[in-house]
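Hi,

Here's the structure I said I'd pass along. Have a look at it first, and then read on for what turned up.

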Amino acid sequence: MLSALIAIIMVLTMMPLHPLEVKAAATSTIDLGTPVSVTETTYQLSNAAFGSTGVVNGAGGYFTVAVNNGSIAVGALPSGITELINGIQISGIVTDQSTSVNRVFNFSNGTTYEDILVVIQNLTFAKAVGQTQSVTVNVTPGAPLTDGKTSVRTYNGRHFVYVQRQAATMTFKDAVTVATNNSGHLLEPKANNPQEIFAIASMFKEFKSVFRGNWSFLTFISASKTTAPNWDTSSYSDTRYVSNGQSTGLDTSNEFVANGAYDHLTLLLDTTSNKIGYLAVNNTHGSSSGYFDPGVIVEYNSGVISNNITATKYIGVSEMGGSVGISGVAKVGETLTADLSGITYSPDTPYNVPTYQWYRNGVAITNATGSSYMLTTDDFGSDITVMVTADDTHATGSVKSSAANGAEAPAAPVEVSKTATSITLQAITGQEYSIDGGVTWQDSSTFAGLIPGTDYTIVTRVKATATQWPSAISTGAVIRTVSNNAGLADLTLSNVTLSPTFATDTTSYTTSVPNSVSDTTVTAAVYDAVYFTVTASVYNSEGMLVQGPINLASGVASDSLPLSVGINTIKVVMTAQDGTTKTYIVALTRAARNDSSTSPAPAPTSVPAPASGVKTTVNNEDSGFATGTTTNKVTTVVVDQNKLSDHLSKGSGQQLNVLVPDDGDIKVVGLTAATLKQLSDTGSTLNIENLLAIYPVPSTQLDLGSITKQWNGAPLGEIAVDIAIKRSSDALKAAAKDQATKGGYDLLVNPVDLSLNFTYHNQTIKPDQLKNYAPRYIALPEGIDPNKITTGVIVNSDGTLFHVPTVVTKINNRYFAMINDLRSQGSYSVIWNPQNFDDVKSHWAQASINNIAARLQLAGTGNNTFSPSRSIDRSEFATIVASGLGLMRQGVSATPYSDVAPSSWYHDAVTIASEFGVIKGFDDGAFHGSERITREQGIAMIARSLHIVQPQEALSTSEINQILAPYSDVEQISGYARESAAQLIKAGILQGIGKQQLNPKMEMTRAETAVMVERLLKATKLID
């Protein structure tokens, strides 16, 4: 059933279009029936019915379907029925054009009532939520609508039509003739009732013809000083009606517009269609005067219109009634639930979302506004009732339950804290506690002197008073005291034997492996099943942490730990529940290696699928601003714009979330560009989330102006926005894994597609580059070591990857790769790509070099070397910056530089870096990619990169001098690089060399470049 159906008013009359051309058919009727819901906001009149069957009229006709709000969508049309998409024309003016709120159809001479009924039944009506919608169907047999004559328009039971002038000119006599030939007469205004003639004129306001000032001609009226048959010579001193010769009185009315000597009056309508006037004209009007009305308004004579079929239905809001019950056990700690099975709606609706308020002895209980309520000791002996109130959108009204008696027994005790020898419970006034099954009781909610690592069952009850016995005993809460045992029961490493043999109290061991063994796993077993953590970490011979700490499960082998050549120190730390720790150390020696290969990381584990459903929150409070349906693991979320807008209107900084707690695909619809602007204007956020990813809608970073320009300034509210999170195709996943194998890195997450599209009039576009970096979060597999993440990547259609700046973060106990990107969408994944170049192991920039290289930003120089001291050239610099900032893409257009061939390995990076203004060419039009870069040139380009991420305010000359003053070679810095150097020093990106020197003229090395790019990304928080 449709969610809102109340009063139905049926008005049945009959009206032919061209009564002189076709004999009127027998009277018929139409019943629009009961609307049938299609969705929450749409319905069809699928059980409408005519009172007649067979051919409607031998000459055809037309029919209209109109609504006062919302819209109408048209289904398939039977043969012989056409929709007037382009309307008809009167003297070149379009009218009777079918629109979304007034559908107009012609039907041919063989059309039956059944054919018209099919069209009406297949229309889909969209109703404005919370508003009454009227639907009016009008069937006019007689002749289809054609150019030259409008549809019949009715005012207070009188019927009118606008007829095109029959020739280039139309005199007053012509107008009288046209009216007579159409079984009617010219308008006969009453001098004391301008409102009536204004209402009639407004029905034909599209035919206004410009006169002068603020006036427009509309039609001759039945007001003339002349007489039949020629109507060209004045016979009276005032105007008379054509039909009866009686004085009109219009000459002296307030609406009379003087214009010199006159023979007739013609009707004027002002340019804003707000008032009418009666203009005095002589007999040249419409002929030789140069002013021509498009046509004339004809009022049909009484009785001419006789077989028009009309029906109107009003669709409003349901009324809630019936009764509400309360289910559940009336005991303290138990939950009562509102039983809505007795609720009724008139008419019926499944869409009402009611609210609740629970009462204690008639007084509203604070924060008790859910469908369920847990009884507390405050409720003992009280009358508990609940009020259920309709949402005022799909239904109105409220229903209150009868009373439920107060509770008797409390809920089980709730643990607050515990130690190895004590347990403290939540203290509740009026209750007592027992730890021996009810043999002894104490008022204190703390039990002391207990045994570590032991389970205790504790119960509670409401204490006896002078007037009542103690309540029944609650169910028991089983609580275990904290364990203090930090010893391991066993410790083993794969591929090795420990020396000495493992013993719980022995904490130091040695072992060795051949060079062919490049990794090991750790298995630790605990004595006490309840423990806090066991972690494992591996350090190289220089004492640097290689991996870890990773969490271990008791008796389960860890992920592979990489082994370096030489002594590897493996630390296993057991932390007991009370915080006591014990550390076991294994010194594992790996023999000298013959190659530089490294062991790949194991494949990630899959995320378990949680419960289904859609949850929306505003500022972490539940809110129903969107609904969802799931089909074939695809959840379609429909946002209610009105509810969302209401939330955003409550203040700035609103935090809205849509959560679909499964790992299927999400499609979010119902948003518009206007919604995104409201989000941006209020500084609010909207996050779309499932187990695959979190996509914060980048409303602030989108250039909505450029979007509307693509549709010639289309209104933001008419541009639909859809957002999707879905697993990438199997083909892309396979291509990415193939590229990972070839590249020697591990793809830790199957690619996830994030998309944001704009649609207007069935045309869809993807937004261009964002104005600023925006985050998106890719979920990491359960159990993965967060330290074992190198970077997030954008996955291209051929499976190749580009680095995107990434930070690993933890949200609600889950790890995510927060990817910072200037793209609005794409396919994203996460990789593990550890690097450890042989020639940087003792270098001051070792960590930065390995980090930048691991992120696919700068390659080594072969044979597992990096050549850190080698000067960097312009092509390498462009590559590391463009890749480091996550700017790389495919399909790059031709470079502007004459010496950068499309086939060169650095073509794309140079082009992109040039687009963003990081690098510039030379006056000869070339790039000179092999030229080395000085430190001050590199400083200037890194500063430009900083501006891309975080635009910097210009520094004054005094600020620049003050920042550069500590450096002894400050005078050597070229003028163009001084402010850049000062900005990078201020941001912590640039540091001096040796004794406070910048050495601006020295060539920049590959190591210095890697360090500065890493500092840039960290200073702007693009990476961690």
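Below is what I found, going through helices first and then backbone details and one loop residue.

One thing before you start: this is a predicted model.

**Helix 2**

Let's begin with helix 2, which covers residues 172-181. Which of its residues are buried? They are Phe172, Ala175, Val176, Val178 and Ala179. These residues span an arc of only 160° around the axis, so they sit on the same side of helix 2. Thr180 and Asn181 are exposed, and they are carried on the face turned away from that buried side.

As for what the buried residues pack against, it's a set of strands: strand 14 (158-164), strand 15 (184-186), strand 17 (215-224), strand 19 (264-270) and strand 21 (295-300). Following helix 2 you'll come to serine 183, which has a positive phi, near 60°.

**Helix 8**

Helix 8 (residues 846-854) is mostly covered, with eight of its nine residues buried. The buried ones are Gln846, Ser848, Ile849, Asn850, Asn851, Ile852, Ala853 and Ala854. Their cover includes strand 65 (826-832), helix 9 (874-884) and helix 14 (1006-1019).

**Two helix pairs**

A packed pair of helices is described by the angle between the two axes and the distance between them. I have two pairs for you.

The first is helix 4 (residues 641-648) with helix 5 (residues 673-681): their axes come within 10 Å and cross at roughly 15°. Because of that angle, helix 4 counts as roughly parallel to helix 5. The crossing is left-handed. On the helix 4 side, the residues in contact are Gln641, Leu644, Ser645 and Leu648, and they meet Thr675, Gln678 and Leu679 of helix 5. Sorted by class, this contact of helix 4 with helix 5 has three nonpolar and four polar residues, and no charged ones.

The second pair is helix 11 (residues 935-949) and helix 13 (residues 975-986), which pack at an angle of about 60° with their axes 8 Å apart. That angle is why helix 11 is called oblique to helix 13. Helix 11 and helix 13 also make a left-handed crossing. From helix 11, the contact uses Glu936, Gln937, Ile939, Ala940, Ile942, Ala943, Leu946 and His947, while helix 13 brings in Tyr976, Ala977, Ser980, Ala981, Gln983 and Leu984. The class split for the contact of helix 11 with helix 13 is nine nonpolar, four polar and one charged.

**Backbone details**

Most residues other than glycine have a negative phi, and most peptide bonds are trans. With that in mind, here are some spots you may want to look at.

Two cis peptide bonds:

- Alanine 228 to proline 229 is cis, with omega near 5°. Proline 229 belongs to the loop between strand 17 and strand 18 (256-257).
- Serine 499 and proline 500 are joined by a cis peptide bond too, with omega about -5°. You'll find proline 500 in the loop between strand 39 (488-493) and strand 40 (508-513).

Then come two positive phi values, in addition to the one at serine 183:

- Serine 91 is not a glycine, yet its phi is positive at about 50°. It lies in the loop between strand 8 (88-90) and strand 9 (93-95). Serine 91 has a relative accessible area of 32%, so it counts as partly exposed.
- Histidine 761, again a residue other than glycine, has a positive phi near 50°. Its place is the loop between strand 58 (752-760) and strand 59 (763-765). Is histidine 761 buried or exposed? Its relative accessibility is 62%, so it counts as exposed.

**Serine 652**

Last stop: serine 652, in the loop between helix 4 and strand 52 (655-659). Its relative accessible area is 63%, so serine 652 is exposed. What does it touch, leaving aside its neighbours within four places in sequence? Serine 652 is in contact with Thr682 and Ser684. There is also a C-alpha distance for you: serine 652 and isoleucine 326 are 326 residues apart along the chain, and their C-alpha atoms are separated by 39 Å.

Over to you!

Terms used: Residues numbered from 1 in each chain as written. Predicted model: local features only at pLDDT ≥ 70, side-chain atom pairs only at ≥ 80, totals over all residues. Heavy atoms only, no water. Buried < 20%, exposed > 50% of the residue type's maximum accessible area, 1.4 Å probe, protein only. Helix = DSSP H or I, 4+ residues; strand = E, 2+ residues; numbered from the N terminus. Arc of directions from axis to C-beta. Contact = heavy atoms within 4.5 Å. Axes fitted to C-alpha atoms, helices over the stretch in contact; angles between N-to-C directions. Parallel < 35°, antiparallel > 145°, perpendicular 65-115°, else oblique. Left-handed = near helix turned anticlockwise from the far one by under 90°. Nonpolar A, V, L, I, M, F, W, Y, C, P; charged D, E, K, R; others polar.
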